[in-house]
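Student: Could you take me through one part of this model in detail, the way its helices pack against each other? I'd like the residues in the contacts and what surrounds them.

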Amino acid sequence: KLARLHYENLDDAEGFQTWIKHAQQARRDNPDVVSLLIEFHTAREEWDSVAPRLEWLVRYMEAKRITSGLAQRAHELARLLEKLDQPHEALEYYKLSMQTDGTFLPNIVDFGQFLVTHERWDRALRLHQNLLIQSRKLASDEVRGQVLYNLALSSHELGLKDKAMQYLERLLAKQSDHQAGLALRQRILT
């Protein structure tokens, strides 16, 4: 509580670090202490300090079967590991988030983009088809457009030209100036 007071109310980083060390010494496996450290280092964009603590917290939640918030934390960790150029580890946590809550849309969207980026076309196609079914729940027209584009690209890469063109037509009907979609259409037609 003293560490939180110094961090949240007094904006005293030195006081926070003193008291958080005492809290860690008192009990190493306290998820509240780790969560506060994650928050502190995230605010300072100290990602190398956030990653191991966030991984510990996700593993702790998984081991204790604490499912409330696990999908969100696993997704957060996957994105961070992707940012830190650790794609194999990121994949593991995207999958964990998906297994914990297969309806958590931010994870599905980011996992789908991850699969496209890493050219895992078959899985990307299936995941984006799932997203298309839920497209009304997606955050914005931009995200919906990205889903259609990723469907078209994945279909094209898998040799499904007709399917790719169908997705592109839907995309360009809604966003006629979608540059990546226009470029993909040109690639398919030539």
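Tutor: Here is a walk through two helix pairs, the core and a couple of loop residues.

A word on the ground rules: this is a predicted model, so local features need pLDDT of at least 70 and side-chain atom pairs count only at pLDDT 80 or more, while totals for chains, interfaces and linings use all residues. Residues are numbered from 1 along each chain as its sequence is written, and side-chain values use heavy atoms, with hydrogens and water left out.

Let's start with H6 (residues 87-100) and H7 (residues 105-117), which pack at about 145° with their axes 10 Å apart. Helices here are DSSP runs (H or I, at least four residues), numbered from the N terminus. Axes are lines fitted to C-alpha atoms over the stretch in contact, and the angles run from 0 to 180 degrees between N-to-C directions. The H6 and H7 crossing is left-handed, meaning the near helix is turned anticlockwise from the far one by less than a right angle. On the H6 side the contact takes in Pro87, Ala90, Leu91, Tyr94, Lys95, Ser97 and Met98, and H7 answers with Asn107, Ile108, Asp110, Phe111 and Phe114; contact means heavy atoms within 4.5 Å. By class, that contact has eight nonpolar, two polar and two charged residues. In this scheme Ala, Val, Leu, Ile, Met, Phe, Trp, Tyr, Cys and Pro are nonpolar, Asp, Glu, Lys and Arg are charged, and the others, Gly among them, are polar.

Two members of that contact deserve a closer look. Ser97, in H6, is buried at a relative accessible area of 0%. The label buried means under 20% relative accessible area, exposed means over 50%, and partly exposed is in between (1.4 Å probe, protein chains only). Setting aside neighbours within four places in sequence, Ser97 is in contact with Ala71, Ala74, His75, Phe104 and Asn107. Asp110, in H7, also has a value that makes it buried, 19%. Leaving out residues up to four places away in sequence, Asp110 touches His75, Arg79 and Tyr94.

Now for the other pair. The axes of H10 (residues 161-174) and H11 (residues 179-189) come within 10 Å and cross at roughly 150°. That makes H10 roughly antiparallel to H11, given that angles over 145 degrees count as roughly antiparallel, under 35 as roughly parallel, 65 to 115 as roughly perpendicular and the rest as oblique. H10 passes H11 in a left-handed crossing. From H10, Lys161, Ala164, Met165, Leu168, Leu171 and Leu172 meet Gly181, Leu182, Leu184, Arg185, Ile188 and Leu189 of H11. Those residues divide into nine nonpolar, one polar and two charged.

That brings us to the core. The largest nonpolar core has 46 residues, of which Val58, Tyr93, Phe111, Phe114, Leu168 and Leu184 touch the most other members. Such a core is a set of buried Ala, Val, Leu, Ile, Met, Phe, Trp, Tyr and Cys residues joined through side-chain atoms within 4.5 Å. Leu168 touches Ala152, Gly181, Leu184, Arg185 and Ile188, not counting residues up to four places away in sequence. Apart from the largest core lies another of five residues, among them Phe16, Val33, Leu36 and Leu37.

Last, the loops. Asp29 sits between H2 (13-26) and H3 (31-43), is partly exposed at 37% relative accessibility, and touches Trp56 and Tyr60, not counting residues up to four places away in sequence. Arg44 is in the loop between H3 and H4 (47-63), and is partly exposed at 41%.

Terms used:
Helix = DSSP H or I, 4+ residues; strand = E, 2+ residues; numbered from the N terminus.
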